Amino acid sequence: MAKRKTEEYIFADAYIGSFVKNLMNRQDMMRLASCKDLAAAEGILREFGYGEAKELYDNDIEWFIRREQNKLFNLIYDTLPERKELALCLFPYDYHNVKVCLKAEFLGITPDEDLLVSTGDMDWKRVVAMVRDRNYMFMPVYMKEAIIEATDLFGRGGDPQEIDIILDKACYRQMLAAAEETKEDFLIGIVKRQIDILNLKTFVRLRQIRKPWSFFQKVFLTGGNIGEQLFISCYEEPYEQMAEKLAPYGLQEPMAEGGREIKETGDFSLLEKLCDDKMMEFNKQAKYYSFGIVPIAGYWYAKEVEIDNLRIILTGILIGSTPEQIGERLREPYV
């Protein structure tokens, strides 16, 4: 895919850019977190372009979230000059649907439609049919090869975990290849940072359950900025020591503070939050681009994080959490 000229994005940049002003900052989110119930929250959400949300009157937060995700994807893809340019952001949803289909097949049941998502690059019904019939004609080569490998390994070992490992690796290989095809350093950087953070989270979780480093080698995602050897060399080191080695990659703080919390309490939530904040820190570079695909990609990620924060806030309101408790879990906003 040849890189488009900047002027080809003038309309899309202007149109998507008009929505940036509706993004919520931390003060806005804390005001929302202070609402006494979901009905009151809907009034504030309307101020930020979310419109009527009848689902919240029925405490159906997840339906509201899904609706907003679909609205975001439709907004982006109805505006882009070509859908393919940011399709890489949807690949994880496609691979999720493949996992659901394969696991259902191996259990001898029909895939549960409640577990399938409609926000992928490929229609979920099409994915179900392709996996069921092993019709690879219109399937990405990465996905095809992963399905063949996963089917073979499961047939020999019967371990459903192999399905996740193989498909996750294929997903991020395909995402990185698609990003490199755009020739946009920002998109390539986003995918590489995602890979690094996923490897870091996996590394810590495996260490905590005392899995051998050989298992980490098995699940390690290639293509990131941080090499496999750095992780392996740190497998027996304290988290503080490892944090120093991650400084050149901008992940020292998540490892130091998150690692300390895990060591003291076993809680991974701070590590997760700090890693997500580092992703947003990288994404904020998009603010310095006026034209091209980058500002659109930056808004997309910013809005996805905002929607995730809404899930945290609305769920907190529903279960009676205090604004302070909700605020501790919120991810860094774009504005």
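In the predicted model, Lys273 is buried, with a relative accessible area of 16%, which falls under the 20% limit for this class. The residue belongs to helix α14, spanning residues 269-283. Its side chain reaches the backbone oxygen of Leu330 at a distance of 2.8 Å. Leu330 also appears among the contacts of Lys273 beyond four places in sequence, together with Glu328 and Arg331.

Helix α4 (residues 61-79) packs against helix α15 (residues 293-319), the two axes lying 10 Å apart at an angle of about 170°. Helix α4 is therefore roughly antiparallel to α15. On the α4 side, the contact is formed by Ile61, Glu62, Phe64, Ile65, Glu68, Gln69, Leu72, Phe73, Leu75, Ile76 and Tyr77. Helix α15 contributes Ile296, Tyr299, Trp300, Lys303, Glu304, Ile307, Leu310, Arg311, Leu314, Thr315 and Leu318. Classified by residue type, the contact of α4 with α15 comprises 15 nonpolar, two polar and five charged residues.

No disulfides are present in the structure. The cysteine sulfur closest to that of Cys89 belongs to Cys171 and lies 11 Å away, so the separation is too great for a bond. Conversely, the closest cysteine sulfur to that of Cys171 is the one in Cys89, again at 11 Å and too far for a bond; a disulfide would require the two sulfur atoms to be within 2.5 Å. As to solvent accessibility, Cys89 counts as partly exposed at 26% relative accessibility, whereas Cys171 is buried, with a relative accessible area of 3%.

Conventions: Residues are numbered from 1 along each chain as its sequence is written. This is a predicted model: local features need pLDDT of at least 70, side-chain atom pairs count only at pLDDT 80 or more; totals for chains, interfaces and linings use all residues. Side-chain values use heavy atoms; hydrogens and water are left out. Buried means under 20% relative accessible area, exposed over 50%, partly exposed in between (1.4 Å probe, protein chains only). Helices (H or I, at least four residues) and strands (E, at least two) are DSSP runs, numbered from the N terminus. A polar contact is a pair of N or O atoms within 3.5 Å; within protein, one must be able to donate a hydrogen and the other to accept it, and residues adjacent in sequence count only if both atoms are side-chain atoms. Contact means heavy atoms within 4.5 Å. Axes are lines fitted to C-alpha atoms, for helices over the stretch in contact, and angles run from 0 to 180 degrees between N-to-C directions. Angles under 35 degrees count as roughly parallel, over 145 as roughly antiparallel, 65 to 115 as roughly perpendicular and the rest as oblique. Ala, Val, Leu, Ile, Met, Phe, Trp, Tyr, Cys and Pro count as nonpolar, Asp, Glu, Lys and Arg as charged, and the others, Gly among them, as polar.
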